[in-house]
Amino acid sequence: MKSSIFREYDIRGIIGKELDINETYDLAKAIVTYYKRQKPELKDITIARDGRPHSEPIRDNIVKAITDLGINVTDIGICPTPVLYFSLFNTDITTGFIITASHNPKEYNGIKICLDKKSVWGKQIQEIRRIYEEKDFYKNSSEKKGQVVSHNIIPEYIEYLANHFEHLKNLDIPTVIDCGNGAGGTVIPDLIKKMNWKNIKLLFEEVDGNFPNHEADPTTYKNMQDVTDTLKSDKNLQLGIGLDGDCDRMSPMTKSGYLVPGDQLLALYAQKVLKDFPDAAIVFDIKASSSLIELLKKWGAKDCICPSGHSLVKEAMLQNNAKLAGELSCHFFFNDRYFGYDDGIYAILRLFEILKETGKDLDELVKVFPYKYRSPEIRIECEESDKIKIVDHVKSVFATKDDSDLITIDGIRAQMKYGWGLVRASNTQAVICFRFESDTADGLQHIKNDFISALKPFFNKKTLDKQFVI
Ligand SMILES: [Zn+2]
């Protein structure tokens with residue numbers, strides 16, 4: 001097992017190369033040991049898995065490890081990650097994990113871990129790594145094995161959603177929803193039936209962990225091509241939706257084919273939440289457009305910027321007692337009428353609610369977001385070991401500029417008079433991420449040029465000129 005699988009927010013790697021299925025028995029022992037040291041009274045763990053072919057043998061190893069340690073397992077089967085979260089908030093068992101590699105290609109798998117309804121991340125994952133590598137496992141002194149029960153909680157989850165969105169029953173907003181062969185297929189078709197929604201076209205709802213149609217990351221036009229084509233060919237459709245592989249993210253496409261970024265959709269959610277909670281704190285990640293900040297200020301919200309990453313956003317939500325949070329990558333966390341975790345399926349219902357209440361389509365609604373010249377998130381591959389060096393160097397360059405205002409909670413976001421730029425190290429890949437924004441086209445070029453010159457020791461100008469074109 002490669003130690004690189006122990007990442008910032010979860011455990012993830014390529015099966016056979018980085019993550020060895022046979023060793024997931026010990027890996028589960030390490031997770032349980034971590035749990036037991038935090039919570040000695042722990043007796044039950046809920047586990048879930050996505051639809052990847054290797055999720056099942058991993059599940060078998062994990063169940064054996066947990067029960068060998070004398071802990072009971074409730075197996076909720078193949079389901080979306082938010083359904084695992086739902087079980088932690090709605091059953092007596094508040095600790096558990098899911099075998100999933102989210103939207104990653106079929107070669108990958110991994111584990112997202114929760115303890116007492118909270119995500120386990122950062123140093124906690126490194127502690128699990130230490131336990132795993134040193135085989136410093138908890139020992140079952142009684143030698144009594146744990147029991148295994150199966151519990152299909154999906155009907156309860158659907159029931160919960162149906163009860164909370166009575167007003168959306170019989171809705172007729174013609175929509176194409178692409179499940180991307182991910183875990184969404186275990187919920188979406190039954191939810192549509194239960195809600196009696198009319199004119200919903202489903203794509204790739206069969207759960208297939210080989211992802212034969214496209215990668216299950218709906219935030220790129222490439223993966224949303226089928227949705228784009230369906231919207232073009234069926235003029236009756238008003239909206240497109242893509243879900244990621246484990247459904248903690250959802251990404252909408254307007255009727256005209258515009259893929260709405262997470263910060264723009266967050267603005268729409270915020271507008272609605274602020275009607276009920278006028279000065280609520282709203283959390284967004286470091287990549288968000290300054291248009292979102294302007295809107296939140298105008299609407300009277302307490303705007304809270306935080307580092308990127310779903311675990312860090314949840315942490316910031318708790319600290320600020322926020323009612324809502326979201327990321328550019330389309331994780332949305334509702335804490336006004338829901339449990340505060342990221343749930344792409346729940347986010348669909350909240351979007352339908354806005355569309356129904358306003359009677360407007362999404363093309364029209366996103367116009368509230370002030371226009372600026374902006375880049376999408378730009379991702380450039382680099383050596384893992386160079387990531388921090390690059391960010392630190394750019395930081396030092398901008399620190400010497402008198403006219404810059406720097407936010408350094410996650411990489412560096414440099415606000416200049418003519419715009420802002422961001423550089424940060426990805427926590428999930430050997431990649432360095434950028435984003436730029438300005439009120440004018442000239443300003444956008446100016447801020448890009450600032451970054452290109454700051455990056456001189458690491459990248460040649462030609463490469464960056466090409467990558468930074470939008
Ligand atoms: Zn995901």
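Two residues are in contact if their C-beta atoms, placed from the backbone, lie within 7 Å. The exercises below apply this criterion and others to a predicted model.

**Exercise 1. Domains 1 and 2**

Task: State how the protein chain is divided into domains, and describe the contact between domain 1 and domain 2.

Solution.
- Step 1. The chain is divided into domain 1 (3-153), domain 2 (167-254), domain 3 (262-368) and domain 4 (373-467).
- Step 2. Between the C-alpha centres of domain 1 and domain 2 there are 29 Å.
- Step 3. Across this boundary, 16 residues of domain 1 are in contact with 17 residues of domain 2.
- Step 4. On the side of domain 1 that touches domain 2, helix α3 (residues 81-90) gives the most, with 3 residues.
- Step 5. Sorted by class, that side of domain 1 has 7 nonpolar, 6 polar and 3 charged residues.

**Exercise 2. Thr81 in helix α3**

Task: Determine whether Thr81 is buried or exposed, and list what Thr81 touches beyond its neighbours in sequence.

Solution.
- Step 1. Thr81 is found in helix α3.
- Step 2. A residue is buried if 20 or more other C-beta atoms lie within 10 Å of its own. Thr81 has 28 other C-beta atoms within 10 Å and is therefore buried.
- Step 3. Not counting residues up to four places away in sequence, Thr81 touches Ile98, Thr100, Lys112, Asp246, Cys247 and Asp248.
- Step 4. The C-alpha atoms of Thr81 and Ile62 are separated by 17 Å, with the two residues 19 residues apart along the chain.

**Exercise 3. The span of helix α1**

Task: Compare the expected span of helix α1 (residues 24-38) with the separation of its end C-alpha atoms, and state what covers its buried residues.

Solution.
- Step 1. The expected span is 1.5 Å times one less than the number of residues.
- Step 2. Because helix α1 has 15 residues, it should span 21 Å; its end C-alpha atoms are 21 Å apart, which agrees.
- Step 3. Buried residues of α1 include Thr24, Leu27, Ile31 and Tyr35.
- Step 4. Among the elements that cover the buried residues of α1 are α2 (55-68), β4 (96-99), β5 (108-115) and α4 (123-134).

**Exercise 4. The nonpolar cores**

Task: Identify the members of the largest nonpolar core that touch the most other members, and list the contacts of Ile282.

Solution.
- Step 1. The largest nonpolar core holds 117 residues, of which Ile31, Val83, Ala270, Ile282, Val283, Leu324 and Ala325 touch the most other members.
- Step 2. Helix α8 (residues 262-276) gives the most to this core, with 8 residues.
- Step 3. Apart from this core lies another, of 22 residues, among them Leu422, Val423, Phe451 and Leu455.
- Step 4. Leaving aside neighbours within four places in sequence, Ile282 is in contact with Ala270, Leu296, Ala301, Asp303, Cys304, Ala322, Leu324 and Ala325.

**Exercise 5. Strand β20 and its partners**

Task: Establish how many residues of strand β20 (residues 419-425) are buried, and describe how β20 is joined to β19 and β21.

Solution.
- Step 1. Since 7 of the 7 residues of β20 are buried, the strand is largely enclosed by the rest of the structure.
- Step 2. Gly419, Gly421, Val423 and Ala425 point one way from β20, and Trp420, Leu422 and Arg424 the other way.
- Step 3. Strand β19 (residues 412-416) runs antiparallel to β20 and is joined to it by 5 bridges; Arg413 stands opposite Leu422. The two strands form a hairpin with 2 residues between them.
- Step 4. Strand β21 (residues 431-438) is also antiparallel to β20, with 6 bridges; Phe436 is the bridge partner of Gly421. In the hairpin of β20 and β21, 5 residues lie between the strands.

Methods
Residues numbered from 1 in each chain as written. Predicted model: local features only at pLDDT ≥ 70, side-chain atom pairs only at ≥ 80, totals over all residues. Core = buried A, V, L, I, M, F, W, Y, C linked by C-beta atoms within 7 Å. Buried ≥ 20, exposed ≤ 12 C-beta atoms within 10 Å, placed from the backbone. Helix = DSSP H or I, 4+ residues; strand = E, 2+ residues; numbered from the N terminus. Domains from an automatic or database assignment. Nonpolar A, V, L, I, M, F, W, Y, C, P; charged D, E, K, R; others polar. Pairing = 2+ DSSP bridges.
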